[in-house]
Amino acid sequence: VTARVRPGLAAFVAVVYLLLHLPVAVLIAFSFNASRFSTAWTGFTLDWYRRLAEREDLLAATGRSLFVALSATAIATVIGTLLALALARHRIRGRRAVEALLYAPVVTPEVVAGVSLLMLFAFAGIPLGLGTVVLAHATFCLPFVVIVVLARLAGMDQSLEEAAMILGADELATFRRVTLPQLAPGVLAAALLAFTLSIDDFVITSFVAGPGSSTLPMLVYSMVRRNVDPTVNAISAILVVVTTVLVLAAGRLSPASLARRE
Amino acid sequence: MRPRLPSAAGWSRRELLRWLGLAALAGCGARGRPGDDRPDRTLPPLERELAIYNWSDYVAPGTIPAFEREFGVRVTYDVFESNEEMLAKLQAGARGYDLVMAGGNYVTPLVALGLVARPSWRYVPNRSNLSPLFRALPFDPRDEYTLPYQWAITGIAWRRDRLPAPPAGWGLFHDRSLRGKLTQLDDMRDAIGAWLRYRGRSINATDPGLLADARTDAIRAKANLKAYISSPVKAQLVTGDVWAAQLWNGDATQARAEQPAIEFTVPAEGSSMWLDNLVLTSRAPHPRAAHEFMNYVLRPDAGAAISRATGYGTPNDAALALLDDPVRYPSPAELARLEWGADLGRATALWDQIWTEIKAA
């Protein structure tokens, strides 16, 4: 059902979108600006992107960010999917409480999450480093994975699984051949969401990073504090493009959009 | 992108970090008690690795690779974005860093918390290159802990072609005819420190009455300010959107490279000077490599390269001689008007409160 959009509403939406995206558009535009100081346009250049390629620290930090995001995504997706399945398919005592506890980290301010993780690691005597960053990222991604997978599970027809069981498939075979293929888009969407959350996290990372684990957002933050150089714009532009592509991909694979297509 | 969530009761991350630091100081026991830090101790043979915790871009592009090649040491270089973050991280028990960059104001808490050790200076013979100006400073009176790295003066950077006359002093920021063309540093110590000096007081004042005066003066100036903004104001000075900015001389030098009409003045009433220092962490896993690195950055060519890259002043006499357009040491007349920042101790909370009031006014 499509309704005619009132012109006033369209204008309002346009303004909202402009305000949302203008800063990013300006940031990207100035990554092509010839001036070292980024407020005056002095001509088009690709120098900052070229300089980016020469900066080993930025490349190393990007590598670390990718490693952390991939590892955290893998951990959070596996555990989160299993957790969602358990919550959706089994009668668990205190299920409500478990779900409530899952949502708590979603609304906890990052500062608080960062401090508590840091204190936990310090208390447990775990040396800070890439390992603690991966653990922290997996932790804050986990609830988002569970929420997305649960949403997909809610829209899935359970009778297929029941039919498979009746036809003699054991639980494992049912899971592998019936449940998982149906669930896959939800799992993939959750993984993409986790990846995008992890790749640009700064606050929590800055608390739990140790020697040899400065991620790209940390480096960008430190660079901006000292000097705003258009290489920061260039790396930010790349980051924006990559995360946008991933978010769009996640959107296309989300249960809601799949349901629309079916 | 991670959804923006409400912050805990409006606390910024930095405030929280500072608070954590204070809390730890208050309940300070023997936290990271250094092992053997006798200043004449013998160090183990050179390790294969070294971990540095520093601001980003605070070495020359070639500094680390050249050190790695010459000494066969693999360097990990990690970054922080504020001194508070650095302090909170070390104090939360982050192990594994060997050398850390510490602003002068942060040396006292680092020492008090037992987070830094005394280097064995006989492994750092190039210390003799350091200018006497940067020795025996208030935060390390016997030069036991710190290796001076880069320094700066807080003053006024201004456009010769826009201001009717050179700024006489901090009173410039009360000039209503310049409304909207002025900025002050977005830094509590510098922004309030200026108004303490304005009335001839110390930038390290802790007396509530003196700070209340500074607050009044600061709020009066705020009406004329375009913003509280630090290093990024360079861009606006270059374009002429800002005519005069409270700024560090290193940044002023960088801006002048793009816009020759930019001048830097140390206000008549005086101002502050600051120094970043390399410090050795207690329980540094690679003490020998750390000492070699300290000695390395004090070589004339290495020191000069660092200052060329950062734009800040080198405390290294031998390096200064190699620079074409160096940030000069302050003249004796300027030096008489400059003051070193010191740790505020308990008064930090009062300063925080006054700074919040100024920004909210």
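**Exercise 1.** In this predicted model, determine which ring lies beneath the charged end of B:Arg189.

*Solution.* The charged end of B:Arg189 is placed over the ring of B:Trp351, at 5.1 Å from its centre. A charge counts as sitting over a ring when, among other conditions, CZ of Arg is within 6 Å of the ring centre. A further arginine, B:Arg127, lies over the face of B:Trp121, 4.0 Å from the ring centre.

**Exercise 2.** Classify the aromatic pair of B:Tyr53 and B:Tyr97, and state which parts of chain B the pair ties together.

*Solution.* The search of the whole structure gives 23 aromatic pairs over all chains. In the pair of B:Tyr53 and B:Tyr97, the centres are 4.2 Å apart and the planes differ by 5°. Planes under 30 degrees apart count as stacked, and the pair is stacked accordingly. B:Tyr53 belongs to strand β1 (residues 49-54), while B:Tyr97 is in the loop between α3 (83-91) and β3 (99-103), so the pair links parts of chain B that are 44 residues apart in sequence. Both B:Tyr53 and B:Tyr97 are buried.

**Exercise 3.** List the members of the aromatic cluster that includes B:Trp151.

*Solution.* The cluster consists of B:Phe134, B:Phe139, B:Trp151, B:Tyr329 and B:Trp340.

**Exercise 4.** Describe how helices α3 (residues 56-89) and α8 (residues 171-199) of chain A cross.

*Solution.* The two axes come within 8 Å and cross at roughly 140°. Angles over 145 degrees count as roughly antiparallel; α3(A) is therefore oblique to α8(A). The crossing of α3(A) and α8(A) is right-handed. Among the residues that meet are A:Leu66, A:Ala69 and A:Thr73 in α3(A), and A:Leu183, A:Val187 and A:Ala191 in α8(A).

Methods. Residues are numbered from 1 along each chain as its sequence is written. Chains are lettered from A and ligands numbered from 1 in the order in which they are written. This is a predicted model: local features need pLDDT of at least 70, side-chain atom pairs count only at pLDDT 80 or more; totals for chains, interfaces and linings use all residues. Side-chain values use heavy atoms; hydrogens and water are left out. Rings of Phe, Tyr and Trp (its six-membered ring) pair if their centres lie within 6.5 Å; planes under 30 degrees apart count as stacked, over 60 as edge-to-face and the rest as tilted. Helices (H or I, at least four residues) and strands (E, at least two) are DSSP runs, numbered from the N terminus. Buried means under 20% relative accessible area, exposed over 50%, partly exposed in between (1.4 Å probe, protein chains only). A charge sits over a ring if NZ of Lys or CZ of Arg is within 6 Å of the ring centre and within 35 degrees of the ring normal. Axes are lines fitted to C-alpha atoms, for helices over the stretch in contact, and angles run from 0 to 180 degrees between N-to-C directions. Angles under 35 degrees count as roughly parallel, over 145 as roughly antiparallel, 65 to 115 as roughly perpendicular and the rest as oblique. A crossing is left-handed if the near helix is turned anticlockwise from the far one by less than a right angle, and right-handed if clockwise. Contact means heavy atoms within 4.5 Å.
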